[in-house]
Amino acid sequence: MGSISSISSLPFDEYIIPPSWRDRAIPIDDYKRICEESLRNIEEFWAKVAEQLKWFKKWDRVLDSSNPPFFKWFVGGELNMSYLCLDWQIEQGRKNKVALIWEGEPVDERGEPIEVRKLTYYDLWRETNRIAYALREKLGVKKGEIITFYCPMIPELATLLLATVRIGAAHSIVFSGFSAQALAERIKDAESRIVVTADGMYRRGRILRLKEIVDEAVKQCPTVEKVIVIRRVGLTDVHMEPGRDIWYSDLLSDVPRNVYVEPERMRSEDTLFVLYTSGTTGKPKGIVHDIGGYAVGLYATMKWVFDVRDDDIIFNSADIGWITGHSYNLYGPLIVGSTFIWYEGAPDYPAPDRWWSIIERYGVTIFYTSPTAVRMFMRYGEDWVRKHDLSTLRIVHTVGEPINPEAWRWYFRNLCRENCAASSTWWMTETGIILISHVPGIGLTPLKPGTNAMPIPGVEADVLDEDGNSCPPGVKGYLVIKTPWPGMLLTILKDPERYVKTYWSKFSKPDQGLWIFYTSDYAVKDKDGYIWVLGRADEVLKVAGHRIGTAELESALIQHPAVAEAAVVGKPDPVKGEVPVAFVVLREGYSPSPELEKELKEWVRKMIGPLAEPAEVYFVTKLPKTRSGKIMRRLIKAVIVGAPLGDITTLEDASAVEEVKKAYEELRRLVERK
Ligand code: WTA
């Protein structure tokens, strides 16, 4: 039920136009013409969008391709993201408009939220200025430095981020579900001098002591000079390291209330933020995003994909620790001056209708969530949804992983009452913005359960075979982007070579001036030109939509004293899409036991975080390998998904066929026994 199992089961020929969208519907061919027109001159096309933003200085060149694939957008242009998100909105008359509606997790005995805060654009602007002042004048924050954030979703975080970018610094937000070890690795790579956290956070009625995790991480990070601590849950026994740790309230206490900090004039290609994400090695990649291209890309997609109007209320369930949180739960909503909701806690606390009660309470019109969440709510049943009036919704999109048609139909019926624009928006941490989706703000092409639809205007995507030829409709291949786009990553922090190798080597032909961005996704196109992304083509898992590299899990496992070798593969899961399972060879002196299995699972939790915990650990005496010594993950994967061996042997060293078969049978028996 979770993942998309076969192409032939996809509903290529189902066309759905929600009744209330009939007057905004456009035929597929008309949309294709809009896209073709936009691609005739992408620089001209994107310049027209950029003109709608407010720049301190206009760009000299729309796209600098002088050093590909290090493309730069709007070079010569100067702007500031905090200015665009706050000052510019106030200039447009939104001073007293509510920007952020925040709801804390705790509830009273009737299940009603105890804490709700509504912050206007003016509230955010004032607070941002005060923090910007404190960061610069009291902590000496400099343009270009990277501040690391490890925080719950609370309003202080929003203004801290806006203050950071106001004075020209950049942020690296680490998801609060990551472990101390994972946090330390990211702080070290970013060489952060300042880390921001909270005393604790609420999760499903319990308190997680975040500051303790930061203390443990910072021990390993010599660059860290200051830790700012926001008081969220009011713990009274928080250790504050003298000279290093400072309460957020103390940092602000002597800052004048109406201080104004002029936004830094940033170059378009300066760094707005770094966000770490998993790839195929053990080391996460620091994806670097610019300001100008990102701002333009966000502005466009907010209008086109979310069709944002001034009276919309946006609820995006993504945590700020992921790119979806950065782009469409902070900067995107602010840059178009809308009202958006941050909910701090768990979706099923105190009951599985928390999100539906939020949608009802605030009259949410645009809801953005993940297929995993949809499948979780399917399990809880329709009654939880039916209890609430969700009739304000007009757009409900998903992101993060393929949505199986069954889950799409469920939410289209139960959340959308078959009357919303409902798109599976495809993009990546690296793309910064949504690149493939329906675009109701331009015109709604027919919906199909589970499709990603077509690229947005100004972006060219295709599905290629191994040789770089376009795949005909119905044939699976690799998803690529054929044009640079605003919002694209600039590079990988401190590793430009890896940037070129990972994204631009597979299909590009530099000698012909041809640069093709490789996404690492499998996809198929249908006869209408709709793209259906099928999943990752590399060793990266999507666990509940969270991106985790198997190499990271393996490198965590082999750091355990009992483990000699480890191989991790993804196993399809009805709710989470996929879950990691580990195959482990033990060192001399250790023997398999349920206790050791438990210990290894906990070890991975501790090393990376709860989201990475293997669902199962199998103890094996050896891992199947090619003659050249490479672990045959495809074989292990075939065993796990119950696929026949036939498909694999051809992919591997042919001389080892017999050994491969033997290894397959052995593993299969092991897995079946469990
Ligand atoms: C997957 C998330 C199918 C894809 C914004 C991609 C999707 C990876 C979709 C990036 C979708 C994201 N349909 N697959 N609508 N959206 N993906 O960096 O495999 O966390 O490569 O960014 O998520 O994950 P990331």
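Helices and strands are DSSP runs, of at least four residues for a helix and at least two for a strand, numbered from the N terminus. By this numbering, asparagine 452 sits in the loop between helix H14 (405-414) and strand E20 (461-464). The model is a predicted one.

**Asparagine 452**

Asparagine 452 has a relative accessible area of 4% and is therefore buried. A polar atom of the asparagine 452 side chain lies 2.8 Å from the backbone nitrogen of valine 533. Leaving out residues up to four places away in sequence, asparagine 452 touches Ser424, Thr425, Trp426, Ile436, Ser437, His438, Ile531, Trp532 and Val533.

**The ligand and its surroundings**

The shell around the ligand has 18 residues, and those that come nearest are Ser424, Thr429, Asp521, Lys542 and Arg547. Ser424 is also one of the residues that asparagine 452 touches. Sorted by class, the shell has 7 nonpolar, 6 polar and 5 charged residues. Helix H10 (323-335) and strand E24 (531-536) each contribute at least two residues to the shell.

Three distances between ligand atoms and protein atoms are listed here.

| Ligand atom | Protein atom | Distance |
|---|---|---|
| Nitrogen | Polar backbone atom of glutamate 401 | 3.3 Å |
| Nitrogen | Side-chain N or O atom of serine 424 | 2.8 Å |
| Oxygen | Side-chain N or O atom of aspartate 521 | 2.7 Å |

The ligand taken alone exposes 520 Å², and the protein buries 97% of that.

**Nonpolar cores**

In soluble globular proteins, nonpolar side chains tend to be buried together. The largest nonpolar core in this model has 172 residues. Which of its members touch the most others? They are Trp46, Met81, Tyr331, Trp342, Phe367 and Tyr411. Helix H9 (residues 292-304) gives the most to this core, with 8 residues. Apart from the largest core lies another, of 47 residues, including Ala180, Ile187, Val195 and Leu596.

Tyrosine 331 can be followed in more detail. Not counting residues up to four places away in sequence, tyrosine 331 touches Met81, Cys85, Leu161, Leu162, Val165, His171, Leu272, Phe273, Tyr294, Leu298 and His326.

**Two enclosed helices**

Helix H11 (residues 354-362) has 7 of its 9 residues buried, so H11 is largely enclosed by the rest of the structure. Its buried residues are Arg354, Trp355, Trp356, Ser357, Ile358, Ile359 and Tyr362. Glycine 363, just after H11, takes a positive phi of about 65°.

In helix H16 (residues 550-557), 7 of the 8 residues are buried, so H16 too is largely enclosed by the rest of the structure. The buried residues are Thr550, Ala551, Glu552, Leu553, Glu554, Ala556 and Leu557.

Glu552 of H16 has a polar partner in a loop. The side chain of glutamate 552 makes a polar contact of 2.5 Å with the side chain of serine 278. Serine 278 lies in the loop between strand E14 (271-277) and strand E15 (285-290). Is serine 278 buried or exposed? Its relative accessibility is 4%, so serine 278 counts as buried. Beyond its neighbours within four places in sequence, serine 278 is in contact with Lys285, Val540, Arg547, Ile548, Gly549 and Glu552. Of these contacts, Arg547 is also among the residues that come nearest to the ligand.

**Backbone exceptions**

Most residues other than glycine have a negative phi, and most peptide bonds are trans. Some places in the model depart from this.

A cis peptide bond joins proline 68 and proline 69, with omega of about 0°. Proline 69 is in the loop between strand E1 (61-64) and strand E2 (72-75). Another cis peptide bond, also with omega of about 0°, joins tyrosine 349 and proline 350. Proline 350 belongs to the loop between strand E17 (339-343) and H11.

Arginine 417, though not a glycine, has a positive phi of about 50°. Arginine 417 is placed in the loop between H14 and E20, the loop that also holds asparagine 452. With a relative accessible area of 36%, arginine 417 is partly exposed.

Serine 520 is not a glycine either, and has a positive phi of about 75°. Serine 520 is found in strand E23 (residues 517-525). Its relative accessible area is 8%, which means that serine 520 is buried, the cut-off being under 20%.

Technical notes
Residues are numbered from 1 along each chain as its sequence is written. This is a predicted model: local features need pLDDT of at least 70, side-chain atom pairs count only at pLDDT 80 or more; totals for chains, interfaces and linings use all residues. Side-chain values use heavy atoms; hydrogens and water are left out. A nonpolar core is a set of buried Ala, Val, Leu, Ile, Met, Phe, Trp, Tyr and Cys residues joined through side-chain atoms within 4.5 Å. Buried means under 20% relative accessible area, exposed over 50%, partly exposed in between (1.4 Å probe, protein chains only). Contact means heavy atoms within 4.5 Å. A residue is near a molecule or strand if one of its heavy atoms lies within 4 Å of it. A polar contact is a pair of N or O atoms within 3.5 Å; within protein, one must be able to donate a hydrogen and the other to accept it, and residues adjacent in sequence count only if both atoms are side-chain atoms. Accessible areas come from the Shrake-Rupley method with a 1.4 Å probe; for residues, only the protein chains shown count as cover. Ala, Val, Leu, Ile, Met, Phe, Trp, Tyr, Cys and Pro count as nonpolar, Asp, Glu, Lys and Arg as charged, and the others, Gly among them, as polar.
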